[in-house]
Each structure stands twice: as structure tokens, then as C-alpha cells.
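Please look through the sequence and the model shown here before reading on. The report that follows considers a small sheet and two arginine side chains.

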Amino acid sequence: MPHSQTSAHRDSLTGVRIARGASPWLLPTVATAALSLVRARKSRPAAAIAVPTTALAAGMLWFFRDPEREIAQGRVISPADGVVQSIMPWKDGRTRVAIFMSPLNVHVNRAPLAGTVTSVEHVPGGFVPAFNKESENNERVVWHFDTELGDIEMVQIAGAVARRIVPYIPQGTKVEQGDRIGLIRFGSRVDIYLPEGVEVAVEVGQATTAGVTRIDRD
């Protein structure tokens with residue numbers, strides 16, 4: 001499937017390219033900042049309010065940025081910007097790589113491999129900080145991809161602030177490696193499970209870039 005069909009929607013807002021799913025948070029913030037700036041010309045109290053509201057709007061624009069990426073070569077690439085939080089062997093032979101995403105990271109997630117989305121399951125849960133071990137029971141969306149390596153599972157996990165995960169594509173969609181597949185608002189975590197026999201190329205504490213950092217080793 002061409003990347004253009006699965007790429008995030010570009011909301012037009014003061015010329016800034018932002019991620020699909022950002023509007024419910026971003027539009028009210030920017031509108032408030034704009035209104036306070038207009039009123040600031042006539043009122044000192046309004047001018048005082050304009051400073052934090054404008055800073056908040058700028059922060060929102062930065063958080064919801066959706067940059068273009070030159071997709072790397074490799075069997076499995078990172079689905080998320082962030083830092084590798086843990087690498088854990090699983091009972092069924094797979095290896096789980098957990099990537100923690102801070103509020104400073106880009107929060108648009110990408111397909112780790114080319115293939116077909118076989119399921120997208122929303123699982124209700126809590127909202128403890130994503131770096132906490134108990135975050136495994138948080139609100140999450142579980143993805144399965146049918147790929148050349150077989151079934152690949154990826155999990156988007158909401159954090160203490162991230163109360164909304166926005167999948168971009170439904171079950172049955174064919175994706176190319178690096179296609180945008182969803183957004184997690186604010187701090188969060190993404191787990192990917194590598195099949196048995198696939199060696200991990202990253203290490204705990206390593207920074208990753210969605211669509212760029214290779215997760216596996218030949």
C-alpha cells in the first residue's frame with residue numbers, strides 16, 4: 001500500500017504539520033492563546049494570561065508534530081520514538097522490547113514491518129506511569145501484523161497522562177514498513193514482540209526513532 005494512503009492526516013493550523021488525532025487537544029489551546037493575544041493589547045491582566053497560554057499552545061504544536069522520515073532498511077524497525085526501557089525473553093520464545101516515550105518525543109507510531117493488520121484490539125485498563133512495571137495493565141491497543149516473519153505483535157500502552165490511543169487504520173489494512181499506524185497522546189510506551197530466533201540489535205537505555213532505528217540483527 002502506498003505510504004500516502006496510511007500516512008497521518010495533516011491538519012492545517014497556522015502552517016504547522018501536526019498528527020491526525022491532535023485536533024481535540026490542539027484547537028482549543030491555540031484558540032485560547034490567540035484570543036488572549038488579541039485581548040492583551042487592551043488589558044494587562046489579559047497580557048499576563050497570554051504568556052502561559054501561548055507557551056502551552058507552542059508546546060502542544062511541538063508535541064503533536066509529525067515529521068517525515070526516511071524509512072530505514074532492515075527486517076524490523078522501531079515503531080516508536082523513545083528509549084528502550086526493557087528487553088525481556090517471553091515464555092513462548094519471543095523477545096519483548098519495550099520503548100518508553102516521554103512527552104518530548106514524537107508520538108506517532110509506525111509499522112515495524114510490511115504486512116497486513118490482522119487485528120486491532122482495544123483493552124481497557126489503568127493509567128499508571130508508563131515507566132512503571134504495573135503499566136502492563138494500563139489501557140492499551142494490541143496490534144497483530146501478518147508479515148514475512150510471521151505474526152508480529154505490537155502494543156501501544158497509555159501512560160498516566162496519555163488517556164487516549166488513536167489507531168489510524170483498521171484490521172485488514174496492508175501496510176508498508178514505516179507507515180504511520182496510530183497516535184498515543186502524551187507520555188506512553190510501545191512494546192514489540194520479536195519472534196523466536198530473531199536477535200535484538202538494541203540495548204536498554206538506547207534511544208530509538210520510529211521508522212529509522214533497526215530493532216533486529218541479521
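A residue is called buried when its relative accessible area is under 20%, and exposed when that area is over 50%. With this cut-off in mind, strand 11 of this predicted model can be described as mostly covered, since 5 of its 5 residues are buried.

**The sheet around strand 11**

Strand 11 belongs to an open sheet of 3 strands, which follow the order 5-11-9 and pair in an antiparallel way. At the edges lie strand 5, covering residues 108-110, and strand 9, covering residues 165-167, and each of these pairs on one side only. From one strand to the next, the twist averages 25°.

How many bridges join strand 9 to strand 11? There are 3 bridges between strand 9 and strand 11, the latter spanning residues 180-184, and the two run antiparallel. Two of the pairings can be named: Pro167 has Gly182 as its bridge partner in strand 11, while Ile165 has Ile184 as its partner there. Strand 5 is likewise joined to strand 11 by 3 bridges, again in an antiparallel arrangement, and here Asn109 stands opposite Gly182. Gly182 therefore appears in a pairing with Pro167 of strand 9 as well as in one with Asn109, if a bridge is understood as the link by which DSSP pairs strands.

**Two buried arginines**

Is Arg180, a residue of strand 11, buried or exposed? Arg180 counts as buried because its relative accessibility is 5%, a value to be read against the cut-off of under 20%. Its C-alpha atom is separated by 6.7 Å from that of Val108, although the two residues are 72 residues apart along the chain.

Arg94 is placed elsewhere, in the loop between strand 3 (82-89) and strand 4 (95-101). With a relative accessible area of 17%, Arg94 is also buried. Leaving aside residues up to four places away in sequence, Arg94 touches several others, including Met88, Tyr193 and Leu194.

The polar contacts made by the side chains of these two arginines are set out below.

| Arginine side chain | Partner | Distance |
|---|---|---|
| Arg94 | Asp92 side chain | 2.8 Å |
| Arg94 | Glu153 side chain | 2.9 Å |
| Arg180 | Asp66 side chain | 2.9 Å |
| Arg180 | Pro67 backbone oxygen | 3.3 Å |

Glu153, which makes a polar contact with Arg94 through its side chain, is also among the residues that Arg94 touches.

Methods: Residues numbered from 1 in each chain as written. Predicted model: local features only at pLDDT ≥ 70, side-chain atom pairs only at ≥ 80, totals over all residues. Heavy atoms only, no water. Helix = DSSP H or I, 4+ residues; strand = E, 2+ residues; numbered from the N terminus. Axes fitted to C-alpha atoms, helices over the stretch in contact; angles between N-to-C directions. Buried < 20%, exposed > 50% of the residue type's maximum accessible area, 1.4 Å probe, protein only. Polar contact = N/O pair within 3.5 Å; in protein donor to acceptor, adjacent residues only side chain to side chain. Contact = heavy atoms within 4.5 Å.
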